[in-house]
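Colleague: Got a minute to walk me through this model? I'd like to start with the sheet and then jump around a bit.

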Amino acid sequence: MSEEPSTLYEKNLNTIKFCCPDLYREFIGRIAENGRAAEEEAVIEPFVGRRGFPTFNIRVQDKKEFGTNPLEFSNVDYRRTSIYFSDEIASGRSGCKLSKAPDAVYPPVFRLVSDNEKQVIGHSIFDPEREAHKKFGNERLDENERVILLGIGFGYELRELLKISEHKIVVVVEPFPSLFKAALENIDMTDIFSSKRVVLTFSLEPSILQYHLVAGVSHLTIPNYTLRSLPHVSLCPRLIPAVSAARREASTFLLFNLMTGIVAGPKLQTNTVLNSRAAIKSPGVNRLKDSFKGKPVIVVAPGPSLEKNVNELKRAKGKALIIACDTATRILLKHGIEPDVVVTIDYQPLNFFKLRGVDTSFAYLFPSLEVTPYTPINHKGRMFTYYHNEISERLFADVLGAKGLIKTGGSVLTDAFSIARHMGADPIILAGVDLGFPGMRWYADGSFDDGKFTGNLRSNKVEQIEIEDVYGNPMITYKSFYEFLKWFKKTIRTMENTTVVDATEGGAKIEGSLIMTMSEAIDEYVREGENPVAVIDEIFESFNPPSNTDILVKLEELTEDYGKIIKELKTGINYCSKAKETINKGRELKGNNRLVNYLKKINETKTMFSDPRFENRLSFVSTMMERQMADILFYSDKSDMPMRDRIKKIIELDDKFYKKAEKACENMITHLEYIREGINLEEDNAEYV
């Protein structure tokens with residue numbers, strides 16, 4: 001039996017480790033830095049208030065520097081700073097350093113250092129629970145309002161917000177890790193973190209904050225963010241600007257995903273269905289969990305720097321698993337290197353051109369189920385498949401079998417990296433991961449694009465961003481690559497027991513990675529041993545596909561459920577028609593019981609979308625309805641419109657939504673029939689298959 005935690009701190013920490021592993025890793029990392037954020041120093045003094053409630057006093061040093069030079073600034077600015085200088089010296093708060101100007105220039109150059117102490121009492125010294133209830137208890141936060149709480153303090157306000165908020169998540173940003181440590185030592189917070197409703201971070205970097213703000217959010221469930229703060233966060237002036245910047249980035253990120261869904265949703269759904277036969281016959285990447293634990297895996301991308309060290313990979317072949325992004329495969333083959341695994345994810349038919357004419361049977365293909373089906377169909381070798389999103393996994397796991405979920409970071413590279421991590425690889429060695437344009441080039445020579453991407457780059461058809469490369473020099477990248485850089489930074493921070501080696505020998509600086517040459521990385525980490533492909537072979541050969549009988553039963557269940565949904569939608573459409581007809585007849589709206597009844601019936605149809613029986617079914621077909629969802633999401637109820645027109649507009653939106661949902665469900669039944677026919681056809685011709 002495991003030992004019971006001996007202190008309140010250990011009890012809290014164990015709960016966080018089990019319920020909030022990302023927070024646990026971040027907190028332990030901060031404590032390793034003496035419990036303080038890199039730029040925010042604070043002295044925490046816990047004490048017991050007058051009625052027995054723990055609270056705290058927090059003190060920080062407020063350091064400011066002022067300087068001036070009469071040779072560089074106007075006389076007005078110089079005099080203004082001189083006056084401030086005199087006031088500070090008179091107050092006894094500041095230290096002062098004077099330096100002689102060249103050639104005894106007068107008045108002198110000087111620098112003023114202001115060092116003041118500020119302090120705040122965190123909670124009421126009488127009854128902080130009552131204070132928190134008084135502050136937030138009368139608020140009503142519905143399921144669309146996500147609270148961003150600045151500061152956790154000793155948790156009194158957070159506990160109250162969890163009671164009144166109907167949203168499943170509360171985001172907390174605490175700029176003082178040492179204060180959080182004091183809270184864990186003095187307050188039982190196990191109920192807060194065991195709820196699994198709290199997303200907490202200590203970071204003040206907008207790119208990191210963004211990921212916490214959108215935790216659990218999709219473009220179909222975009223929340224309204226509402227800000228609340230505790231008194232002690234006033235001691236961290238960087239906090240508000242950082243959260244504001246993160247909110248802007250989060251909004252851009254979610255809007256981009258919404259637009260992607262509108263354009264790509266139907267294609268993603270169709271691809272998943274068309275790839276179903278390949279998925280049924282192939283094992284999932286879930287079976288590869290920790291199969292390379294403690295072993296090196298090399299992830300190869302097609303960046304220009306790959307040309308510097310691609311031939312070094314020949315030394316690693318047969319000793320370390322080589323995973324190639326689809327775009328890097330041609331480049332490797334040009335240099336006589338066959339990767340062991342090829343990862344491909346792009347849903348667009350043009351993705352097929354990356355591997356068109358390439359015999360990939362020498363490698364395992366790892367296609368996501370949303371990939372364009374041309375690639376899996378043309379692959380003659382073995383495959384492992386996986387789901388990209390939870391919606392597809394929840395719906396199809398019973399039909400196609402468990403495959404594993406690899407949440408995408410937006411590119412085939414991030415998928416390849418996540419798969420290596422899933423395998424337990426250590427280290428993960430990166431090659432060709434420039435994430436930028438050294439020499440103003442997009443890909444290494446030999447890529448499928450034949451220089452077209454580089455041509456667009458040099459013709460200024462790509463929006464460019466300047467970043468730092470591995471050597472500390474400025475380098476050009478663009479927005480998508482910059483987002484991938486942020487993804488790597490966030491992901492590597494959570495990989496406390498895994499070494500990530502950037503052996504690209506160029507390109508963007510990937511924070512958290514160990515920079516080495518490929519030759520050094522191979523010498524350091526790659527050893528003789530079992531052929532890595534043999535490990536995958538053994539797992540593949542132990543796979544038994546699900547029986548066709550079981551699959552057909554599940555398909556029939558899904559078809560029946562979609563039939564029931566269509567019946568409910570037709571009822572909603574019928575009442576929308578009746579409501580519009582009533583309004584068009586010009587009858588008085590006020591007190592019109594018939595219209596009120598129709599509107600109630602229309603809303604009753606919506607309750608089906610929260611019915612647990614149909615949740616997975618409707619979530620999947622939502623990819624066919626995102627344009628209508630966007631219309632509703634961005635609909636502005638204009639108060640200056642006549643009441644009749646406003647009601648009519650809302651009914652029209654509901655009517656369009658129900659009709660599109662009906663069409664999506666009908667399409668889904670067609671897709672399920674496609675899978676069923678494929679299975680039946682295979683059984684009828686089993687002797688020839």
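Colleague: How do E10 and E11 pair, and over how many bridges?

Modeller: Strand E10 (residues 321-325) and strand E11 (residues 341-344) run parallel and share three bridges. Strands here are DSSP runs of type E with at least two residues, helices are H or I runs of at least four, and both are numbered from the N terminus. Two strands pair if DSSP finds at least two bridges between them. This is a predicted model, so local features need pLDDT of at least 70 and side-chain atom pairs count only at pLDDT 80 or more, while totals for chains, interfaces and linings use all residues. Residues are numbered from 1 along each chain as its sequence is written, and side-chain values use heavy atoms, with hydrogens and water left out.

Colleague: Which residue stands opposite Val343?

Modeller: Cys325 does, with Val343 on the E11 side.

Colleague: And what's the strand order in the open sheet?

Modeller: There are seven strands, in the order E12-E11-E10-E9-E13-E16-E17, and the pairing is parallel. E12 (364-367) and E17 (514-515) sit at the edges with a single partner strand each, so one side of each has no neighbour in the sheet.

Colleague: Which strands does helix H13 lie across?

Modeller: H13 (residues 326-334) lies across E9 (297-300), E10 and E11, and runs at about 115 degrees to E10. Helix H20 (residues 532-541) also packs on the sheet, where H20 touches E10, E11 and E12 and makes about 65 degrees with the direction of E12. A contact means heavy atoms within 4.5 Å. The axes are lines fitted to C-alpha atoms, for helices over the stretch in contact, and angles run from 0 to 180 degrees between N-to-C directions.

Colleague: Switching to the hairpin: in what sense do E14 and E15 pair?

Modeller: Antiparallel, with four bridges between E14 (residues 465-468) and E15. Glu468 stands opposite Pro474 of E15. Five residues lie between the two strands, and Gly472 in that hairpin has a positive phi near 85 degrees.

Colleague: Which residues are on the covered face of E15?

Modeller: Met475 and Thr477 make up the covered face of E15 (residues 474-477), and Pro474 and Ile476 the uncovered one. In a regular strand the side chains alternate between the two faces of the sheet.

Colleague: Where does the model have positive phi outside glycine?

Modeller: Lys196 is one of those, at about 55 degrees, and Met440 has a phi near 55 degrees. Most residues other than glycine have a negative phi, and most peptide bonds are trans. Lys196 is in the loop between H7 (190-194) and E7 (198-201), while Met440 is in the loop between E13 and H17 (452-458).

Colleague: Buried or exposed, those two?

Modeller: Lys196 is exposed at 52% relative accessible area, and Met440 is partly exposed at 27%. Buried means under 20%, exposed over 50%, and partly exposed in between, using a 1.4 Å probe and protein chains only.

Colleague: Where's the cis peptide bond?

Modeller: From Asp426 to Pro427, with omega near 5 degrees. Pro427 lies in the loop between H16 (412-422) and E13 (428-431).

Colleague: What does the side chain of Arg146 reach?

Modeller: The backbone oxygen of Leu213, at 2.8 Å. Arg146 belongs to strand E5 (residues 145-150) and is buried, at 0% relative accessible area. Leu213 is among the buried residues of H8. Helix H8 (residues 206-213) has seven of its eight residues buried.

Colleague: How many disulfides did you get?

Modeller: Zero, taking a disulfide as a pair of cysteine sulfur atoms within 2.5 Å. Cys576 counts as buried because its relative accessibility is 0%, and Cys665 counts as buried at 0% too.

Colleague: Last one: what are the overall totals?

Modeller: The protein has 25 helices and 17 strands, and 49% of its 689 residues count as buried. Among contacts between residues at least 6 apart in sequence, 72% join residues at least 24 apart. One pair far apart along the chain is Ile377 and Leu274, which are 103 residues apart, with their C-alpha atoms separated by 9.7 Å. Ile377 is in H14 (residues 374-378) and is exposed, at 58%.

Definitions and conventions. Polar contact = N/O pair within 3.5 Å; in protein donor to acceptor, adjacent residues only side chain to side chain.
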